[in-house]
Every structure is written in C-alpha cells, then in structure tokens.
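Here are a few friendly notes to keep beside you on a first look through this structure. Take them in order, and turn the model as you read.

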Amino acid sequence: MIRKNPYVSQQEVAEALGLSRPSIANLISGLTKKGYIVGRAYILKESQPIICIGGANIDRKFYLKDKAQLGTSNPVKSNQSPGGVARNIAENLGRLGMESVLLTACGGDSDWKFIEDSSSLYMDLNSVAQISGMATGSYSAVLDSSGDLIIALADMDVYDSISTEVVQQQERLLSNAKCIVADLNCPKETLQFIAQFANAHDVPLAFIPVSSPKMNRLPDELSGVTWLITNRDESETFFNCKVESKEEWIQIVEKWLALGISNVVVTNGKEGAMFGNKEEGIFHQPAIETEQVVDVTGAGDAFSSAVIFSWLEGKPLQSIAKAGTVNASKTLQSSYTVRQDLSATQLIKDMEEL
C-alpha cells in the first residue's frame, strides 16, 4: 500500500488491514528502524531491479498428432501458458533469484488475468499499462511431432501502446535499474528513448530482437548498448547480407561491435552461438545436442536470460556463453515456455553436469 501511495495515512492502512491505528504506527516505526522505509511520506528504500520492457502474451500451443494437412481439421493436443519475450525473460530471471519488473501493455481481459496470476510470483507487475479497448497479446503456435514450428499466429497490436509517454512515467524506476532489457515488440521511438535514457543515466541496456521483420525498430544509434542478443536471420536482415560460413558469422559479430555495442551474441540454432566483445574477443559456443526436443518455444528467451543473469553475476564471457546454452537446452526438453525447475542452484548444477 505504501509503495502504491507513499502519502497513505496510518488510518487508511489500519482500516484496509483490519488493524488498529496504533498497531500500524508500530509496524511503520519498525520498518523505518530496519531501513525499509526512509524519509518522510513513507518513501521506500530503493531496490535495483531488472526492468523488462516489451511483450507479455498468452502462448497457445497445438501439437499435431499426425502429419499436417492443409484445408481440413487436424487432431491436436493443446495447452496455454503465459509468454512474450520480455515476460519470459522476467520469469526466468525471477526464478534465478533476481528482482525483475515487467513493463508492458495489456488489455483488460481474461487473458491478462491468466498472465497476471501465472507471473506475479516471479516479477513485479505494478508498472503494466492496461489499455482500454485492446486485447492482450496472443501467440498461437502449431508444432509437429518433433516439436518444430509449422506456423504461428501473433496478435501483438497492443504493444504499439508501449509509447515513450508510458515509459517516461517510470523514469524513477528506470534510473535506479540494475539493468534494462527491452524486446523489439516496442515501437522504434520508444526503443530510441530507452537507449538515450540508459546512456544518459549509465544504466546497462540489453536489446532482444523478436523477429527479422522487427529489426528496423532497433534505434539508429547503438553506441553504449551493453548487450545485443540476436540470431543469424535477424542479423542478415539488418545488414542485408548472407551468413553462409563461420568466417562470415564472425564478421557479422564484428559489424555489430563496430556500431558501439559492448557485448554481442549471434545465435544460429543447432550450430550454436557466436559471442564477442572487444576485451575477450570472438568465439564460438557449440549448441548442446538435445536428443528429445519437446518444444522450441521459449528456448531463445531462456538463453538470453541466463546470459544476462551470468553477466550480472560478474562471470567471464566463456562462462556466460555456457550458461545461456545450458538453459536453452534444458528448456527445449520442457513443455513449458519457462522450465519449472529453474533456479540459480539448478542452473549451476546443470552447467557442472555438462
């Protein structure tokens, strides 16, 4: 209650909680002595969360029982789970023990209620903008028996509402962030504002593209960006070129670094990922051979999350690369968009077993 309204009276808190005003006064006094509340108007001691800005949608997955046939009904098994790049990363980070805040736009519908109920344990949702008359984002994927994607349908119009004005309302939160992670579901103007803001306030910033068609949303000025985690197709689209050899793969990382980005990752599916920065150089991280792929959805977000987590933990680039690869592999073996057994301890154990 205090976080939402620092000027709330002790009597209002007492009535809401069914306690006496003196009891509330004692509780507030104790919180002040312990340092949780600092200054007048019950100003809360600032934490340093990771702010994840971008998509939060319903993932609906349809698993074909037989070979796909167009123009007719196909028997499937189906499930739904909360998804969206920014939301998935926020949940991964929350499960890894990091404090994460989700900044997105949603509709006032049952889909958002489902996302909220499923996500609130792992992230702060107080900064979400609910847009009247809009539907919460949805992603519907049809997968074959091996877990490979056949077709996906995305209703993402609500993310156009993640405007510069919406983000500016959270300036205090953003300026105190440990790191900002933004996906390219946001409009270009918003992403340009985020890049300028992060640079001006010396806040680490990671960009996570979501698809090749949205690469034109990257800010015009990328100097000062801390991380870019992209795939081969997205990089080919941005630079209007083809990557058909390991040498060209390395060259594309060099091109990104030349734009002033501190750390770059270019993934390439089963071929692994190419990591690079100016201090530790460029190297190839092989993918882990995964015999049983249950579902590819969420593996890229798991990869990005473990990379960001390990970097914030101060790990060297080689260790960061290994963490991302391991978390992606384990997520491929799960039917969930974010694997349910994830924790910092489990990730370390998984890496040790590799």
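**Notes on charges, patches and turns**

1. Let us start in helix α4, which covers residues 110-119: D117 and K113 both sit in this helix, four residues apart, or about one turn. Their side chains meet in a salt bridge, with N and O 2.9 Å apart. K113 counts as partly exposed because its relative accessibility is 44%, a value between the 20% limit for buried and the 50% limit for exposed. Please keep in mind throughout that this is a predicted model.

2. A second pair is found in helix α3, residues 85-95. R95 and E91 form a salt bridge whose closest N and O atoms are 2.9 Å apart. These two residues are four apart in the helix, so about one helical turn separates them. Are R95 and E91 buried or exposed? Both of them are buried.

3. The next pair to look at is D341 and R339, which also form a salt bridge, here with 3.1 Å between the closest N and O atoms. The two partners differ in their surroundings: D341 is partly exposed at 42% relative accessible area, whereas R339 counts as buried at 2%. Going back to helix α3 for a moment, salt bridges with shared partners join R87, E91 and R95 into one network. How many salt bridges does a search of the whole structure find? The search finds nine, and the pairs described in these points are among them.

4. Now for acidic residues on the surface. D155, D157, D160 and E189 gather there in a patch of negative charge. To find one of its members, go to the loop between β8 (149-155) and α5 (164-168), where D160 lies. With a relative accessible area of 48%, D160 is partly exposed, and therefore passes the 30% cut-off that patch residues have to exceed.

5. There is a nonpolar patch on the surface as well. M1, L17, L19 and L27 form this patch, and together they have about 390 Å² of accessible area. L19 is found in the loop between α1 (10-17) and α2 (21-33). At 41% relative accessibility, L19 counts as partly exposed.

6. Two residues deserve a look for their backbone angles. Most residues other than glycine have a negative phi. D202, which is not a glycine, has a positive phi of about 55°. Its place is in the loop between α7 (188-201) and β10 (205-208), and D202 counts as exposed because its relative accessibility is 71%.

7. N240 is the other one. This residue is not a glycine either, and its phi is positive at about 55°. Where is N240 found? Look in the loop between α8 (232-239) and α9 (246-258). N240 is exposed, with a relative accessible area of 71%.

8. Finally, turn to strand β13, residues 273-277, where N277 has its place. N277 counts as buried because its relative accessibility is 4%, which is under the 20% limit. What does the side chain of N277 reach at 3.2 Å? It reaches the backbone nitrogen of E279.

How values were computed: Residues numbered from 1 in each chain as written. Predicted model: local features only at pLDDT ≥ 70, side-chain atom pairs only at ≥ 80, totals over all residues. Heavy atoms only, no water. Patch = residues over 30% accessible without salt bridge, like charges linked within 9 Å, V, L, I, M, F, W, Y side chains within 5 Å. Areas by Shrake-Rupley, 256 points an atom, 1.4 Å probe, with all protein chains shown as cover. Salt bridge = Lys/Arg side-chain N within 4 Å of Asp/Glu carboxyl O. Lys, Arg positive; Asp, Glu negative; His and termini not counted. Charge placed at Lys NZ, Arg CZ, Asp CG, Glu CD. Buried < 20%, exposed > 50% of the residue type's maximum accessible area, 1.4 Å probe, protein only. Polar contact = N/O pair within 3.5 Å; in protein donor to acceptor, adjacent residues only side chain to side chain.
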